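Hi everyone, thanks for making time. I'd like to walk you through one protein model today, so have a look at the screen and we'll go through it part by part.

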Amino acid sequence: MYKYLLLLLFPVFAFSQSQKISGTVFNTYKEKLDSVKVELYSAENVLIKSLFTNPEGNFSFENLSEQTFKLKINDEKYLSFEKSVEAKRDHEILNIILKSNQKDIEGVTVLKKKPLVKRKVDRLEFNVENSNISSLNAWEILKKTPQVTINNDILAVKGGTSVLVTINDKKVMMSGEELKNFLENTQGDDVKSVEVITNPPAKYEAEGGAVLNIVMKKNKIEGYRGVLSSKYIQTQYAKGVAGLSQYYKKNKLSVMGSYFRGTGTYYREEIGYVNYPENGTTWISMMNRKDQAKSQNTVNFNVEYEIDSLTTANLNYSGYFNPKSFGVYNVPTVIYNAQNVAESDYTTINDHHSRTINNSLSFQVDRKLNKKSSLSWINYFTGNNATKYQNVLTYLNFANQSPRETNFMTNNKNDVQLYSTQFDYQWKGDKLELESGTKYSFVKTDSQLDFSDNENGGFQYRPEKSSLFDYKEHNFSVYTSLAYNVGKWNFKGGLRAEMTDLEGVVSEPYEVNKNNYWSLFPTFYAQYTTENKHEFGFSYGKRISRPSYSWLNPAKSYYNLFSYYQGDPKLKATIIHNLNLTYSFKNWNVDFYYRKELFPSMEISFQQHENNNLIYYYTNIEKGEAFGMSLYKNFEIKPWWNLIVSQNLEHNENYFTGMDGALNKNQVWNWVSNISTSFTLDKNSDWKMEIGQNYYSPAIQGTFRISSQWSAYFVMNRKFFNKKLEAAFIFNDIFKSTQQKISTKYGNQDNYFLDYQDTQGFTFSLKYNFGNQSVKSTKAIKKAEEQERL
């Protein structure tokens, strides 16, 4: 009898034990809210349990025995929320929208706040929106991003220089000076956050050791508004940027367009020393680089249209145009003998100009399939066209030789085109999240170098010193990843498979390089959060770093008669293994990491003693290994006083084969320290001041050893006229202390140069906001027919 009674009652027990209440918390902009405390009360108003929403805004109360409860949310940023709910087995997921606790006013006042650092299971999010650094440009914001360093204009994440930069998850087809100029003309007010992804998940292409994803803001204000901005920069010479950003949003349509034009003179000082032990001579060159850019143009246009309540289409165009950058370098070189007596000299005059055009166009469609799943289709095209012409005249005055002069000209044209198409599928459940997709991309680059000289009294084309280089690369990839959230644990794992098919053809000397290979790239993440919000994380990822297309070009790009740069069409892709242990608590972020690189490619130098040539070229070294710790902490000492400490300590090793065939080891303990403090001088006018310092201890790169450097800076910004006008003043490298020594010394190689990149100076900027700057309360929108079917 009891057996039958228990058998009859078992479904009741099972039903009661499996009841739950779950949901997602949003703000009025439909953004999912992380770390919001949700409390569950009984019908008698007795607190049963409380928890915080996860990074996706989700919460879930499980194993509930009662039927009726009260949900309460009390957060200082939002109005209080309370709702009576019933626990059910086949329950409906609640969508809770929290309204701001600020009243709607004609002009919304957004107070500057400290940048927020948020640790997610697979990345570190640096939220700079409305922070006290949003007045800077995107390049300067990267300098202040946790775990990111910029030394000699080289981006690094936790010491690794293989970094892929994306904007809204779209690859930026620029590097070096082009990327810097583009980001310097990208306004910080348009940046929402920077995501530091040291182990990118399977959704991202496997290229690059780490990914820096710059997330741009979306326009949330109805109507039309605009921002007129200008910036004056004074270092050794003056530079300036001015532009206009315009925004329009009405119902289903959102449009944004901006145009910025920059002009100025760029300066760099360099003194080079080359020692030749065989003959005891030392060659000392002094080069002051002065280049003028009359018109640097940055254009961005974005239109987003809601086709229906389930489908959104987005079209984006961005362009960078520098029609002419030009300069004349006058480089004297003195040659000293073993007794340190000047015995010979020569002078190089390098007259050059260059042009750069970059166009990027993307089209994206997002479609909600049902309440849990969605599909995205992204098409992306970019074209990068650059030319560089130089006329190099050299006056030679060597001992025991008659004075003479030589003259040569080079014209280098590069054209890179990239097309990619990608499908992504996403499914989100209460605890599980699935991502899967496929991508195809095609890259074609054409490079032509024409070399002419006047050895016979008139300029003649030299085919043996000229070159044509054609490169094609097909890449096909498929990926899948699965995330699982259970209680205090978050797990995520994925696998990406990529097929690469490449062909490089060199005209002089003729050579064809073909390769076809499949590679697998696994990723894994785990994160544990305690009741007190301590977060512990672990991650592993395998990556690949393919050489930049310019690195593959074997044509010799001459600096002067005795020095040139050269790429290598046989460069191997670098395989990178990343391992991370993380800890986060109350703005403390600590990261222990290990990185191993197989055949890393980089620029190194070597001396040819038989003809006194100094050659810079890209090559693969044997391997690189590094381990270290990074720390980031934001201290709020007083409501008006803030202190940020960012530190990174790393042991780095590079193994390379020298000119003598021996395996050499270059190693160093490297410390990067960034400390800044900011003060709110007047809350009403949003008047802020910041003082900071950056220190880089000695570092290495292949054969190079790089000396330490230190700099201090000062920033002040304030708003006027009901906060429509914003003024900012920045003083960089106050003590002019950023000169570095880059040296190579092993075997019979002994050279170095002192480099100063004209960093001391001040910047004064103005921004004026016009049009509709207010956020009105929006009426509830009735669900469309498509949503009703979900």
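**Domains, sheets and rings**

Let's start with the overall layout: the domain assignment splits the protein into domain 1, residues 19–97, and domain 2, residues 223–415 + 426–789. Those bounds come from an automatic or database domain assignment. Before going further, please keep in mind that this is a predicted model: local features need pLDDT of at least 70, side-chain atom pairs count only at pLDDT 80 or more, and totals for chains, interfaces and linings use all residues. Residues are numbered from 1 along each chain as its sequence is written, and side-chain values use heavy atoms, with hydrogens and water left out.

How far apart are the centres of domain 1 and domain 2? Taken over C-alpha atoms, the separation is 44 Å. As for contact, meaning heavy atoms within 4.5 Å, 12 residues of domain 1 touch eight residues of domain 2.

Now to the sheets. Strands here are DSSP runs (E, at least two residues), numbered from the N terminus, and two strands pair if DSSP finds at least two bridges between them. One open sheet has three strands in the order β4-β1-β7, with mixed pairing. β4 (58–64) and β7 (94–98) are the edge strands with a single partner each, so one side of each has no neighbour in the sheet. On average, neighbouring strands of this sheet are turned by 25° against each other, direction ignored; the axes behind that angle are lines fitted to C-alpha atoms, and angles run from 0 to 180 degrees between N-to-C directions. Strand β1 (residues 19–27) runs antiparallel to β4, and five bridges join the two. Within β4, Ser-60 is the residue opposite Ser-22.

A second open sheet has four strands, ordered β30-β31-β35-β34, again with mixed pairing. Its edges are β30 (557–560) and β34 (601–608); each has a single partner strand, so one side of each is left without a neighbour. From one strand to the next, the twist averages 20°. β34 and β35 (residues 613–620) run antiparallel and are joined by eight bridges. Which residue in β35 is the bridge partner of Ser-605? That would be Tyr-616.

On to the rings. Rings of Phe, Tyr and Trp (its six-membered ring) pair if their centres lie within 6.5 Å; planes under 30 degrees apart count as stacked, over 60 as edge-to-face and the rest as tilted. The structure has 35 aromatic pairs. One of them is Trp-489 with Phe-491, stacked at 5.4 Å centre to centre and 5° between the planes.

Why does the pair of Phe-729 and Phe-762 count as stacked? Because the ring centres are 5.9 Å apart and the planes are at 25°. Phe-729 belongs to strand β43 (residues 725–732) and Phe-762 to strand β46 (residues 761–771), so this pair ties together parts 33 residues apart in sequence. Phe-729 is partly exposed at 30% relative accessibility, and Phe-762 is partly exposed at 32%. Buried, by the way, is under 20% relative accessible area, exposed is over 50%, and partly exposed is in between (1.4 Å probe, protein chains only).

There is also a cluster, in which ring pairs link Tyr-276, Trp-283, Tyr-346, Phe-398 and Phe-562.

Last, charges over rings, where NZ of Lys or CZ of Arg is within 6 Å of the ring centre and within 35 degrees of the ring normal. Lys-239 sits over the face of Tyr-266, 5.0 Å from the ring centre, and the charged end of Lys-572 lies over the ring of Phe-599 at 4.1 Å from its centre. Thanks for listening!
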